[in-house]
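I opened my notebook on a structure that was new to me. I wanted an overview before any detail.

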Amino acid sequence: MSTTARPNRLARTLAQLDRVPAPLRPLVRNLVLRRAVPFTGTARLDFAVMTPEKVEIGIANQRRVQNHIQGVHAAAMTLLAETATGMVVGMNVRDDCLPLAKELKVQFKRRTQGDMRAVAQLTAQQRQQMQTQDKGEVVVPVTVTDASGQEPIQCEFIWAWVPTAKKAATTKTRSVPA
């Protein structure tokens with residue numbers, strides 16, 4: 001199967017936003033995604049780029065997400081990275097499968113400066129894997145930078161996908177001999 005498979009539910013939903021006037025699209029996209037995943041709304045993540053190949057999300061260094069030294073809190077940085085990787089996986093996994101975060105590695109390298117951005121990308125091969133296999137896992141690299149352009153943290157996520165409970169139950173029912 002090619003990587004140009006029919007878009008999944010998340011990708012189709014985001015594509016509907018193309019009907020919104022261009023100047024309003026970022027605002028509407030943020031509202032929709034923040035409602036779908038409430039914790040991202042609490043942190044006020046900014047969903048800047050949302051394509052099946054690449055997701056870019058930002059977080060402002062505001063009081064609600066700061067630590068004791070007025071930098072972006074470690075948990076907020078991790079949320080930023082997890083959301084970027086989860087969204088890019090979520091835009092590629094088939095509708096009959098469930099994406100699951102399996103493993104996270106984070107190294108805190110230095111103090112953050114200002115607002116932050118996370119960029120997660122998938123290769124064509126990874127995308128094809130998600131669209132053709134019932135279950136599997138991929139390493140999703142993510143680059144997290146701050147206002148200085150440096151990477152205060154380095155992280156990597158392993159995401160898995162499995163058949164939804166509904167599909168798994170159907171498969172089990174079919175495999176029972178008559």
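I began with a term: a residue is buried when its relative accessible area is under 20%, exposed when over 50%, and partly exposed in between. I also noted that this is a predicted model.

Entry one, burial. I looked up how much of the chain meets that cut-off. Of its 178 residues, 37% count as buried.

Entry two, surface. I read an accessible surface of about 10100 Å² for the chain. Carbon and sulfur atoms hold 55% of that surface.

Entry three, fold. I counted along the chain and found 6 helices and 6 strands. I then wrote down their order, which is α-α-α-β-β-α-β-β-α-β-β-α.

Entry four, extent. I took the box along the principal axes. The C-alpha atoms fill roughly 65 × 40 × 25 Å.

Entry five, contacts. I kept to contacts between residues at least 6 apart in sequence. Of these, 68% join residues at least 24 apart.

Entry six, charges. The chain carries 25 positive and 14 negative charges. I found their mean positions 6 Å apart.

Entry seven, one patch. Which residues make the nonpolar surface patch of about 280 Å²? I listed Leu24, Leu27 and Leu31. I then followed Leu24 and placed it in the loop between helix H1 (9-15) and helix H2 (25-36). Is Leu24 buried, partly exposed or exposed? Its relative accessible area is 43%, so Leu24 is partly exposed. Patch residues need over 30% relative accessible area, and Leu24 has 43%.

Technical notes
Residues numbered from 1 in each chain as written. Predicted model: local features only at pLDDT ≥ 70, side-chain atom pairs only at ≥ 80, totals over all residues. Heavy atoms only, no water. Patch = residues over 30% accessible without salt bridge, like charges linked within 9 Å, V, L, I, M, F, W, Y side chains within 5 Å. Areas by Shrake-Rupley, 256 points an atom, 1.4 Å probe, with all protein chains shown as cover. Salt bridge = Lys/Arg side-chain N within 4 Å of Asp/Glu carboxyl O. Helix = DSSP H or I, 4+ residues; strand = E, 2+ residues; numbered from the N terminus. Buried < 20%, exposed > 50% of the residue type's maximum accessible area, 1.4 Å probe, protein only. Contact = heavy atoms within 4.5 Å. Lys, Arg positive; Asp, Glu negative; His and termini not counted. Charge placed at Lys NZ, Arg CZ, Asp CG, Glu CD.
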